[in-house]
Amino acid sequence: MSEIVKLVVVSPATRSERRYDLHLTVGELKAKLELVTGILVDQQIIHVYGSEDEANSANNAPVASLSSDERPLGYYSLRDGQALKVTDNSPPGGGSYTDQYTDVSQVEKFELTEEEYARRQDTVRAFKERNKMGRFAPRDASEQQAASSTEPAASPIPVGSRCEVDHGELAKRGAVRFVGPTSFGTGSGEWVGIEYDEPVGKNDGSVNGERYFSCRMKYGGFVRPDKVKVGDFPPEDLDLDEEM
C-alpha cells in the first residue's frame, strides 16, 4: 500500500493539489497548510470529503474531521482523490492571512510612463520597431506624399481586401468586410468594418442589433478609414509569448 496520498486542498481563498505522507500527523499537516492557505495553525478546521465537488457543495456531509493533532493521516484512511476543506475559524482581525490572497489593493501596481516604455528594448513595440512591422513599416513614396499634404486625398478601401489596423502600440491584421455609414458613432462619415485574424474585436459584425457583416464573436470591429492600411498583409504567425 502506498504511503503517499494525493489530495485536493480547498480553502476560502485557495485551491491546490498536494501529496502527503500518511505518517504525517495532523499537527504537522496544519503547519504545511498555513503556508498554502494563509490560515493560522490554531484556527484551521479541516474536514475530509470524498471529492472536490462534494467539498464545494453545501449539501454534502464530510467523511471525517481531522480533529486530533497527534494522529497520523493514515488513521483517517485517506485515499487518492479526496478533498481537504480548510475553514478559517479566526475572529475578525484574528491575524490570518486569507484576505491577503484575494485583496488586490495590497499589491503594488507596476506602471511605466510613455517615455520609460519607449526606452525599453524587451517590449512588443521595440520588437515591431526593430523588424519594421506595423506602423513602423517603411512607407512608399506615394504614402509619404499623401502624409505630407495638407489636404490628403481619400484612399479607396475595397471590401474583401487585406488590411492592417493601427491600434496604438500594436497593429492588428484582418480583412475589410464593410465600408460605409452606420447608425452608431458620433459625427458623420464612413466606418470600416474589420474581421480580425485574432479575437481582438468587440463584436460579430453587428452593433446595437443592426448587422453590417458576419464573423465570429470578438473577431469584428469598426474603425475610421484613417486607421486602416490596405495591402498585402497575410496573417501573422508570431509567438511573442515565448520572449524571455
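**Group meeting talk: a five-strand sheet and its salt bridges**

Let me start where the model is least sure of itself: over residues 150-154, pLDDT stays under 50, and that stretch has 1 contact beyond four places in sequence. Two terms there need explaining. pLDDT is the predictor's confidence in each residue, from 0 to 100, and a contact means heavy atoms within 4.5 Å. Residues 240-244 also stay under 50, and for them the model has 4 contacts beyond four places in sequence.

So yes, this is a predicted model, in which local features need pLDDT of at least 70, side-chain atom pairs count only at pLDDT 80 or more, and totals for chains, interfaces and linings use all residues. Residues are numbered from 1 along each chain as its sequence is written, and side-chain values use heavy atoms, with hydrogens and water left out.

How confident is the chain on average? Its mean pLDDT is 84, and 81% of its residues reach 70 or more. Confidence is lowest in helix α5 (residues 141-148), with a mean of 55, and highest in strand β3 (residues 44-49), at 96. When I say helix or strand, I mean DSSP runs numbered from the N terminus: helices are H or I with at least four residues, strands are E with at least two.

Now, please look at the sheet. It is an open sheet of 5 strands in the order β11-β8-β7-β6-β12, with antiparallel pairing. Which strands stand at the edges? They are β11 (220-223) and β12 (228-230); each has a single partner strand, so one side of each is left without a neighbour in the sheet. On average, neighbouring strands of this sheet are turned by 45° against each other, direction ignored. For angles, axes are lines fitted to C-alpha atoms, for helices over the stretch in contact, and angles run from 0 to 180 degrees between N-to-C directions.

A quick reminder for the newer members: strands of a sheet pair through backbone hydrogen bonds, either parallel or antiparallel. Here, two strands count as paired if DSSP finds at least two bridges between them.

Let's walk across the sheet. Strand β6 (residues 162-167) runs antiparallel to β7, and 6 bridges join them. One position to find is V165, whose bridge partner in β7 is K172. On we go to strand β8 (residues 191-196), which pairs with β7 in the antiparallel sense over 6 bridges. There, V176 has I194 in β8 as its bridge partner. Then 4 bridges join β8 to β11, again antiparallel, and E195 is partnered with G220 in β11.

Is strand β7 mostly covered or mostly open? Strand β7 (residues 170-180) is mostly covered, with 8 of its 11 residues buried. Buried means under 20% relative accessible area, exposed means over 50%, and partly exposed is in between (1.4 Å probe, protein chains only).

Next, the charged side chains. In general, side chains of opposite charge can pair when their charged atoms come close. A salt bridge here is a side-chain nitrogen of Lys or Arg within 4 Å of a carboxyl oxygen of Asp or Glu. How many salt bridges are there by this rule? The count comes to 8.

One of them belongs to our sheet: the side chains of R177 and E195 meet at 2.7 Å, N to O. This pair links R177 in strand β7 with E195 in strand β8, 18 residues apart. R177 is partly exposed, at 36% relative accessibility.

Another salt bridge, R162 with D197, also comes to 2.7 Å, N to O. R162 sits in strand β6 and D197 in the loop between β8 and β9 (206-207), 35 residues apart. Both ends are partly exposed: R162 at 23% and D197 at 29%.

A third pair is E52 with R15, where the closest N and O atoms are 2.9 Å apart. E52 is in helix α2 (residues 52-56) and R15 in strand β2 (residues 15-21), 37 residues apart. E52 is partly exposed at 21%, as is R15 at 44%.

Last stop, the cysteines. A disulfide is a pair of cysteine sulfur atoms within 2.5 Å, and the count by this rule is 0. C163 is buried, with a relative accessible area of 0%, and C215 is buried too, at 16%.

Before I sit down, try finding S68, in the loop between β4 (64-65) and β5 (83-88). S68 is buried, at 17%, and touches V26 and Y76, leaving aside residues up to four places away in sequence. Thanks for listening!
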